[in-house]
Amino acid sequence: MTNISRRYLLAGATGLTAAAGIFGSAELARSAATAGRRGESALRIGYLPITDASPLLIAHAAGLYSAQVSSGKPILFRSWAGLAEAFVSRQIDVAHLLMPMALQLQRVLGAGVRVLGWNHTNGSALTVAPDITDLEQLAGSQIAIPFWWSIHNIVLQQLLRARDITPVVRRGASRSKRTVELIVMSPSDMVPALANRSIAGYTVADPFNAIAQIKKIGRIHTFLGDVWREHACCVLVTREDVIAEQPAAVQMVTDAVVSAQMRITTDRNQAASALTSGSYLPQPLPAVRTALTYPTLPYQLRHPDWSPQLVGFQPYPYPSFTRKLVEAMHDTVVDGDRGFLDDLDPNTAHAGLVDDTFVLNSIATQGGAQAFGLPADLVRAEQVQLL
């Protein structure tokens, strides 16, 4: 696949000119320069500045990475497309990626993508304008999503269809026809877009939902974890060539991330302070702290026993989730080529994508499944409730 077609795919097929703009960015140059300084042995880590990345970042803040894993701070990227391009072009070796995106990259680009474990669960929400109290009011409006192949797009479309609202792309929304137009937008652009009412809402990872609440320009309508219990959003990924060449380093980085997950769960307030004081996240401390704790609930939770407001930090990648995710992807509307789904079997996708060898070792060193509140047999049934 050519470089241009790869960029076109990763940009969500929204246009070659836009794609070129996304990838003509400073992130890749900085990544390449950093790679040259670090040498061949150190793994290069990339991330998007959202709370989903917390385990990768706290691992660095706490000094859990050895020099073999990473000799510098993780590299910040501003868009999912930019992060994915750096990963595919081998300018970074480890990242957190949207799980549906990881599937897409593996199937379409042959990028040797391997999921090592879950980076987190929950951590996302649907945020709407303050005057919107019911999803019915979204008909005829635009809603922003961070990427076509994201759990955000998947769950949002499930919610809309459950209320007989049709998601559409590249055509205006109609209140009379009960349609909602979906557009891809960088998370950092969503807050100002909602503030000026160019969109009626967005679904994205925190802390952008918390920011809208704090600034009173929007309200959290639904935590996605209140729809799909403890779903995975971002996963820890590397490539097959990295595993083959540096298995010990891959184990070390997995150990560090899993240990960081435990640290965050133990003291979320301290984690928020570390993320902001260490300049890992550019958002203000109150927003990051709120995103990690939600001391005040923005609405009456449908499933309070699910704790959907809390981003969770357990690393085991359940096969049941991958299977249901692939099933949902088949029903999801996107702007771009869906051909890779034609032979993507929900029953075999997990084995082809996930290598849980390293994370199982890491879980064992942290006290086993029970330390993360996981069932001993590491089996669960997916719980999704739309109405």
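**Pocket, cavity and helix α6**

Okay, let's start with the lining of the largest pocket: by class, its residues come out as 12 nonpolar, 9 polar and 5 charged. Before I go on, keep in mind that this is a predicted model.

So, how big is that pocket? Its volume is about 520 Å³. There are 26 lining residues, and the ones closest to the centre are T121, E230, Q314, F372 and G373. If you're wondering which element gives the most to this lining, that's helix α11, residues 247-266, with 3 residues.

Now, the cavity. The structure holds 1 cavity of 30 Å³ or more, and the volume of the largest cavity is about 30 Å³. Around the largest cavity you'll find L116, G117, W118 and L236, then T254, V257 and V258, and finally P315 and V359. Two elements each supply at least two residues of that lining: β4, which is 113-118, and α11. You may remember α11 from the pocket, where it gives the most to the lining. As for chemistry, the cavity lining has 7 nonpolar residues, 2 polar ones and no charged ones.

Next up, helix α6. Is α6 largely enclosed or largely open? It covers residues 99-109, and 9 of those 11 residues are buried, so the rest of the structure largely encloses it. If you want to find the buried ones on screen, they are M99, P100, M101, A102, L103, Q104, L105 and Q106, plus L109.

One of the neighbours of α6 is helix α14, residues 319-330. The two pack with their axes 11 Å apart and at an angle of about 75°. Angles from 65 to 115 degrees count as roughly perpendicular, and therefore that's what we call α6 and α14. On the α6 side the contact uses M99, P100 and L103, and on the α14 side F321, T322, L325, V326 and M329. Sorted by class, this contact has 7 nonpolar residues, 1 polar and no charged. M99, P100 and L103 are also on the list of buried α6 residues.

Last stop, the end of α6. What follows it? That's G110, with a positive phi, near 60°. G110 sits in the loop between α6 and β4, and β4 is one of the elements that line the cavity. Buried or exposed? G110 has a relative accessible area of 59%, and the cut-off for exposed is over 50%, so G110 is exposed. And where is V88 relative to G110? The two are 22 residues apart in sequence, with 9.2 Å between their C-alpha atoms.

How values were computed:
Residues are numbered from 1 along each chain as its sequence is written. This is a predicted model: local features need pLDDT of at least 70, side-chain atom pairs count only at pLDDT 80 or more; totals for chains, interfaces and linings use all residues. Side-chain values use heavy atoms; hydrogens and water are left out. Buried means under 20% relative accessible area, exposed over 50%, partly exposed in between (1.4 Å probe, protein chains only). Helices (H or I, at least four residues) and strands (E, at least two) are DSSP runs, numbered from the N terminus. On a 1 Å grid over the protein atoms alone, a cavity is a set of points where a 1.4 Å probe fits but cannot get out, and a pocket is an open set with protein on both sides within 12 Å along at least five of seven lines; lining residues have an atom within 4 Å of a point. Grid points are joined across faces, edges and corners, and a volume is the space filled by probe spheres set on the points. Ala, Val, Leu, Ile, Met, Phe, Trp, Tyr, Cys and Pro count as nonpolar, Asp, Glu, Lys and Arg as charged, and the others, Gly among them, as polar. Axes are lines fitted to C-alpha atoms, for helices over the stretch in contact, and angles run from 0 to 180 degrees between N-to-C directions. Angles under 35 degrees count as roughly parallel, over 145 as roughly antiparallel, 65 to 115 as roughly perpendicular and the rest as oblique. Contact means heavy atoms within 4.5 Å.
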